[in-house]
Amino acid sequence: MTTTAPEMTKAAPAGGPRRAGRGRGVMSSTGLYAAIGVAALLFLIPFYVLLRNAFSTDAEITGEDWTLFPTDIQWGNITAPFEDTTVDFGQSMVNSLIVGILHTVGTLLVCSLAGYGLARIPYRHANKVFYAVLFTLMVPTAVTFVPGFVLVSSLGWIDSYRGLIIPGLFSGFTCFLFRQYFLGFPKELEEAARVDGLGYWGAYWRVVVPNSLNFFAAIATITFINGWNSFLWPLVIGQDPSAWTVQVALSAYMTNQTVNYHLIFMATAISILPLLLVFLFLQRWLVQGIAQTGIKG
């Protein structure tokens with residue numbers, strides 16, 4: 001008697017495809033986390049080298065034999081930048097802090113008002129003004145650098161906070177981001193504010209800003225970091241050592257005669273601490289704000 005094919009075929013184990021799919025998912029997640037771990041390690045290598053050299057001597061930094069950690073940790077290097085008489089590192093940190101804070105606050109105010117006006121206030125030439133703002137993004141910085149310096153010099157703002165801060169308050173790209181964000185802001189909230197008798201300024205200040213703190217925090221973080229890391233403009237404007245920012249002060253440790261390696265690395269490590277504090281404090285709002293920067297309209 002011939003046995004039929006269905007009788008000869010064994011039943012497949014229950015849940016086989018599901019287990020296989022689950023296994024592939026675990027392997028995929030493991031590979032993803034491994035890739036992220038490798039990327040994080042590569043990202044942290046420069047910080048490791050920075051801290052390693054910051055606590056080493058110049059001879060160990062430039063020596064042929066490389067060690068993972070300093071053979072003799074130089075704890076005195078922490079105070080060395082502040083004790084060096086050739087560069088007033090403490091004053092440069094204060095200058096960068098003042099410039100960074102005022103530059104950030106001023107940029108948020110100016111660019112947010114400009115972006116809100118372009119997004120909400122009806123005006124016949126609003127699009128033309130917006131295109132003019134976009135055109136500024138296509139102009140190289142080198143083209144406006146010399147005219148900007150001549151203007152600041154004629155106003156007597158050399159070696160002053162005004163010369164360091166005011167010329168960079170307006171940013172076409174930041175204005176563009178604010179406009180795109182406000183285009184997606186719920187109009188119903190502003191209309192309710194106008195029913196209560198508020199004008200454009202009242203709606204902006206009492207309704208829009210309190211409900212956009214995540215986006216403002218994201219822009220503030222990016223603006224502060226850019227202002228803190230600025231080098232060329234402070235180098236030209238801050239001609240007196242008392243007006244140097246921290247980036248200009250760091251460059252002073254490298255001269256034609258000597259290079260103070262341990263001072264450069266330790267001063268650099270100290271100079272990034274404010275950036276780390278700002279990032280850690282605003283990290284949650286930064287991520288949420290970037291998620292809300294969808295380019296619309």
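User: The expected span of a helix is 1.5 Å times one less than its number of residues. In this predicted model, how far apart are the end C-alpha atoms of helix H7 (residues 141–154)?

Analyst: Happy to start there, and do keep in mind that the model is predicted. Helix H7 has 14 residues, and at 1.5 Å a residue these should span 20 Å. The end C-alpha atoms agree with that expectation, because their separation is 20 Å.

User: Which residue with a positive phi follows H7?

Analyst: Just look past the end of H7, which closes at residue 154. The phi there is near 75 degrees, and the residue that has it is Gly156.

User: Let's go inside. Which helix gives the largest share of the largest nonpolar core?

Analyst: This core has 24 residues, and those touching the most other members include Leu108, Tyr116, Phe178 and Phe182. Helices H5 (89–120), H6 (126–136), H9 (172–183), H11 (200–208) and H12 (213–229) each give two or more residues to the core. The largest share is 6 residues, and it comes from H9.

User: How many residues does the other core have?

Analyst: This second core lies apart from the largest one, and Ala54, Ala80, Trp228 and Tyr253 are among its members. Its residue count is 21.

User: Tyr116 is one of the core residues touching the most other members. Which glutamate is it in contact with, leaving aside neighbours within four places in sequence?

Analyst: With those neighbours left aside, the contacts of Tyr116 include Ile121, Phe182, Arg194, Tyr200 and Tyr204. The glutamate in that set of contacts is Glu190.

User: Which residue pairs with Glu190 in a salt bridge?

Analyst: The structure holds 1 salt bridge. Its two side chains meet at 2.6 Å, N to O, and both residues are buried. Glu190 lies in helix H10 (residues 187–195) and its partner in helix H5, so the pair ties together parts that are 70 residues apart in sequence. That partner is Arg120.

User: What separates the C-alpha atoms of Gly117 and Tyr204?

Analyst: Gly117 is found in helix H5, and with a relative accessible area of 19% it is buried. Tyr204 is one of the buried residues of H11, whose cover includes H5, H9, H10 and H12. Although the two residues are 87 residues apart along the chain, their C-alpha atoms are separated by 9.6 Å.

User: Now to the surface. Which helix gives the most to the nonpolar patch?

Analyst: The patch covers about 590 Å² and is made by Leu109, Val110, Leu113, Phe170, Trp201 and Trp205. H5 and H11 are the elements that give two or more residues to it. With 3 residues, the one giving the most is H5.

User: Is Val110 buried, partly exposed or exposed?

Analyst: Val110 sits in helix H5 and has a relative accessibility of 34%. Buried means under 20% and exposed means over 50%, with partly exposed in between. Val110 therefore counts as partly exposed.

User: And is Asn53 buried or exposed?

Analyst: Asn53 is found in helix H2 (residues 16–54). Leaving aside neighbours within four places in sequence, Asn53 is in contact with Ile61, Trp66, His262 and Phe265. Its relative accessibility is 4%, so Asn53 counts as buried.

Terms used:
Residues numbered from 1 in each chain as written. Predicted model: local features only at pLDDT ≥ 70, side-chain atom pairs only at ≥ 80, totals over all residues. Heavy atoms only, no water. Core = buried A, V, L, I, M, F, W, Y, C linked by side-chain atoms within 4.5 Å. Buried < 20%, exposed > 50% of the residue type's maximum accessible area, 1.4 Å probe, protein only. Helix = DSSP H or I, 4+ residues; strand = E, 2+ residues; numbered from the N terminus. Contact = heavy atoms within 4.5 Å. Salt bridge = Lys/Arg side-chain N within 4 Å of Asp/Glu carboxyl O. Patch = residues over 30% accessible without salt bridge, like charges linked within 9 Å, V, L, I, M, F, W, Y side chains within 5 Å. Areas by Shrake-Rupley, 256 points an atom, 1.4 Å probe, with all protein chains shown as cover.
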